[in-house]
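Please open the model in your viewer and keep the selection panel at hand. The tour below moves from one selection to the next and says what is to be found at each stop.

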Amino acid sequence: MISLGTQAGTVESPFTPEQQQRFDAGLDRAIARYPSERRKAALLAALHLAQDELGWLSEPAMAYVAFRLDVPPVRVREVATFYTMYRLRPVGRHHIGVCNSISCWAMGAEDVLRQCSEILGIRPGETSGDGHFSLEEVACLAACGGAPAVLVNNYAFFENVTADSLKALIRDLREQPGKAMAKGPLPRLPDPHARIESQSAPQATGTLGQPAVTTRAEAGSAEPKR
Ligand code: FES
């Protein structure tokens with residue numbers, strides 16, 4: 001972690017040096033889109049950048065974004081807790097989002113979600129016991145022409161998903177993490193230091209009204225299939 005001094009104290013970066021480089025480059029690009037006195041307008045982009053690197057938005061990550069944009073931390077928290085695209089709990093190394101909006105629903109998204117859930121042994125909103133997979137229902141991915149669509153780690157789109165292609169995708173992700181992923185941050189390793197209990201309860205997502213992400217253990221369920 002990199003510490004940065006402020007008048008109010010020290011703000012620690014939650015990133016590794018490599019992550020920091022990517023975050024800084026992305027933040028510079030986002031800030032450059034706005035007049036210099038409006039750098040705060042890059043807040044949504046900055047939160048996405050942090051989430052891309054860490055998989056979720058921890059309290060230190062939100063505090064760091066607040067520091068970098070000179071925004072009150074409470075304002076960052078307000079934004080992060082308002083939009084369901086921001087995750088306030090750790091997710092699996094591969095976070096699988098199954099679109100449940102109209103086109104995908106009409107083309108069998110419910111079957112895709114059920115199959116995904118059966119293969120992984122987790123329900124939407126849960127993370128597998130080994131930390132490698134989490135599952136979530138998401139709203140339209142703007143890939144309606146290729147419905148049903150699935151998004152992995154916010155970067156890799158899979159369209160016209162069938163039972164066979166879904167099985168193959170999960171097998172590939174299991175055997176070779178990162179395989180078939182679009183350009184973007186590499187899949188993260190599970191964070192052993194994540195303190196789930198320190199995060200506030202996330203907003204519900206998906207039609208089942210599950211919390212954004214819970215671990216299988218949190219849900220009080222039996223050990224998942226592997
Ligand atoms: S409805 Fe699924 S991508 Fe648009």
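Begin by selecting Glu118, which at 43% relative accessibility counts as partly exposed, where buried means under 20% relative accessible area, exposed over 50% and partly exposed in between, with a 1.4 Å probe and protein chains only. This is a predicted model, in which local features need pLDDT of at least 70 and side-chain atom pairs count only at pLDDT 80 or more, while totals for chains, interfaces and linings use all residues. Residues are numbered from 1 along each chain as its sequence is written, and side-chain values use heavy atoms, with hydrogens and water left out.

**Salt bridges within helices**

Add Arg114 to the selection: its side chain forms a salt bridge with Glu118, the closest N and O atoms being 3.6 Å apart, a salt bridge being a side-chain nitrogen of Lys or Arg within 4 Å of a carboxyl oxygen of Asp or Glu. Arg114 and Glu118 are 4 residues apart in helix H6 (residues 109-120), and so are separated by about one helical turn; helices here are DSSP runs of H or I with at least four residues, strands are runs of E with at least two, and both are numbered from the N terminus. Arg114 is also partly exposed, at 40% relative accessibility.

Next, go to helix H1 (residues 17-32), where Arg22 and Glu18 are 4 residues apart and therefore separated by about one helical turn. Their side chains meet in a salt bridge, with 3.3 Å from N to O, and Arg22 is partly exposed at 34% relative accessibility. Include Glu53 in the selection as well, since Glu18, Arg22 and Glu53 are linked in a network of salt bridges. A search of the whole structure finds 9 salt bridges.

**Helix H7 and its two sides**

Now select residues 163-175, which make up helix H7; its 13 residues should span 18 Å at 1.5 Å a residue, and the end C-alpha atoms are 18 Å apart, in agreement with that value. The expected span is 1.5 Å times one less than the number of residues. Which residues of H7 are buried? They are Leu166, Leu169, Ile170, Asp172 and Leu173. Seen down the axis of H7, the buried residues fall within an arc of 160°, so they line one face of the helix; the arc is that of the directions from the helix axis to the C-beta atoms.

To see what this face meets, display strand S3 (94-99), H6, strand S5 (133-138), strand S6 (150-152) and strand S7 (156-158), against which the buried residues of H7 pack, contact meaning heavy atoms within 4.5 Å. On the other side of H7, Asp164, Lys167 and Glu175 are exposed.

Stay in H7 for Asp172, which is buried at 16% relative accessibility and forms a salt bridge with Arg171, the closest N and O atoms being 3.4 Å apart. Arg171 is partly exposed, with a relative accessible area of 44%.

**A buried tyrosine and a surface patch**

Select Tyr64 in helix H3 (residues 59-69); at 2% relative accessibility, Tyr64 counts as buried. Then add Val11, which is 53 residues from Tyr64 along the chain, although their C-alpha atoms are separated by 6.2 Å.

For the surface, select Leu44, Phe82, Tyr83 and Met85, which form a nonpolar patch with about 400 Å² of accessible area together. Such a patch is made of residues with over 30% relative accessible area and no salt bridge, nonpolar side chains (Val, Leu, Ile, Met, Phe, Trp, Tyr) being joined within 5 Å and like charges within 9 Å, and accessible areas come from the Shrake-Rupley method with a 1.4 Å probe, only the protein chains shown counting as cover for residues. Met85 is found in the loop between helix H4 (73-82) and S3, and is partly exposed at 46% relative accessibility.

**Backbone stops in two loops**

Most residues other than glycine have a negative phi, and most peptide bonds are trans. In the loop between S5 and S6, select Pro148: a cis peptide bond joins Ala147 and Pro148, with omega about 0°. Ala142 lies in the loop between S5 and S6, has a positive phi near 60°, and is exposed at 70% relative accessibility.

Finish at Asn160, in the loop between S7 and H7, where phi is positive at about 50° although the residue is not a glycine; Asn160 is partly exposed, with a relative accessible area of 47%.
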